[in-house]
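Visitor: I have a few questions about how the words used here are earned. Shall we look together?

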Amino acid sequence: MSVKQRGPKNPAPQEWRSENLSQGYIADYKPFNFVDGEGVRCSLYVSGCLFACPGCYNRVAQNFRYGRPYTRELEDQIIADLGQSYVQGLTLLGGEPFLNTKTCLSLVNRIRATYGATKDIWAWTGYTWEELMQESADKRELLAKIDILVDGRFMQAQMDLTLQFRGSANQRIIDVAKSLATQKPVIWAKLVH
Ligand code: SF4
């Protein structure tokens with residue numbers, strides 16, 4: 001008899017709170033990469049995620065204590081790296097950025113204070129857009145300060161390696177400003193596949 005594959009977890013609105021869960025740890029920081037969104041990017045992988053998607057691409061980073069603490073020194077380094085003219089922006093991944101809002105907001109606020117809108121910010125999340133609309137103020141604040149959101153759990157049954165910047169067909173690349181203005185998810189205009 002085959003064992004039925006269980007899917008990712010589905011939290012109730014506001015059930016998972018960053019202030020209760022985040023340990024302020026990061027799994028990795030990768031400056032000057034070409035894979036985590038459009039253009040040359042600096043990517044911060046925060047630690048901790050509860051979605052537990054089967055087939056998760058970064059399982060070790062589901063642990064909130066994986067890696068090392070996020071520090072002011074690292075933030076200084078990221079801000080300096082973003083200052084390179086060829087860097088298009090920052091990418092937040094995990095783990096789950098929206099369960100590490102204090103870390104992400106500290107960095108995002110500093111990027112906006114330093115560079116305004118000249119650097120763009122992408123974030124990957126296991127939450128769907130519709131779920132984030134029902135979430136706590138810290139998650140909504142982070143959402144409002146990023147440009148592009150890749151949303152939704154990784155669903156193994158919908159895995160497709162040909163998709164741009166996402167692993168399964170349920171995930172969407174969302175233009176945050178347009179979506180907030182129209183109150184519904186608007187897909188990134190440059191989506192090819
Ligand atoms: S949401 Fe992302 S980091 Fe979290 S378990 Fe799913 S694939 Fe892994």
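Guide: This is a predicted model. Start with S22. Leaving out residues up to four places away in sequence, S22 touches G48, F64, L99, N100, K102 and T103. S22 sits in the loop between α1 (18–21) and β1 (25–33).

Visitor: Why is S22 called buried?

Guide: Count the C-beta atoms. S22 has 22 others within 10 Å. The cut-off for buried is 20 or more. So S22 is buried.

Visitor: How far is S22 from L74 in sequence and in space?

Guide: They are 52 residues apart in sequence. In space they are 18 Å apart, C-alpha to C-alpha.

Visitor: Now the helices. What makes α2 and α3 oblique to each other?

Guide: Helix α2 (residues 72–82) and helix α3 (residues 101–115) pack at an angle of about 40 degrees. Their axes are 11 Å apart. Angles under 35 degrees count as roughly parallel, and 65 to 115 as roughly perpendicular. About 40 degrees fits neither, so the pair is oblique. The crossing is right-handed.

Visitor: Which residues make the contact of α2 and α3?

Guide: From α2 come E75, I78, I79 and L82. From α3 come S106, L107, R110, I111, T114 and Y115. They divide into 6 nonpolar, 2 polar and 2 charged.

Visitor: Which residues have the most contacts inside the largest nonpolar core?

Guide: They are L44, I146, I148 and L149, in a core of 44 residues. Take I148. Leaving aside neighbours within four places in sequence, the contacts of I148 include G37, D120, W122 and W188.

How values were computed
Residues are numbered from 1 along each chain as its sequence is written. This is a predicted model: local features need pLDDT of at least 70, side-chain atom pairs count only at pLDDT 80 or more; totals for chains, interfaces and linings use all residues. A nonpolar core is a set of buried Ala, Val, Leu, Ile, Met, Phe, Trp, Tyr and Cys residues joined through C-beta atoms within 7 Å. A residue is buried if 20 or more other C-beta atoms lie within 10 Å of its own, exposed if 12 or fewer, and partly exposed in between; C-beta atoms are placed from the backbone. Two residues are in contact if their C-beta atoms, placed from the backbone, lie within 7 Å. Axes are lines fitted to C-alpha atoms, for helices over the stretch in contact, and angles run from 0 to 180 degrees between N-to-C directions. Helices (H or I, at least four residues) and strands (E, at least two) are DSSP runs, numbered from the N terminus. Angles under 35 degrees count as roughly parallel, over 145 as roughly antiparallel, 65 to 115 as roughly perpendicular and the rest as oblique. A crossing is left-handed if the near helix is turned anticlockwise from the far one by less than a right angle, and right-handed if clockwise. Ala, Val, Leu, Ile, Met, Phe, Trp, Tyr, Cys and Pro count as nonpolar, Asp, Glu, Lys and Arg as charged, and the others, Gly among them, as polar.
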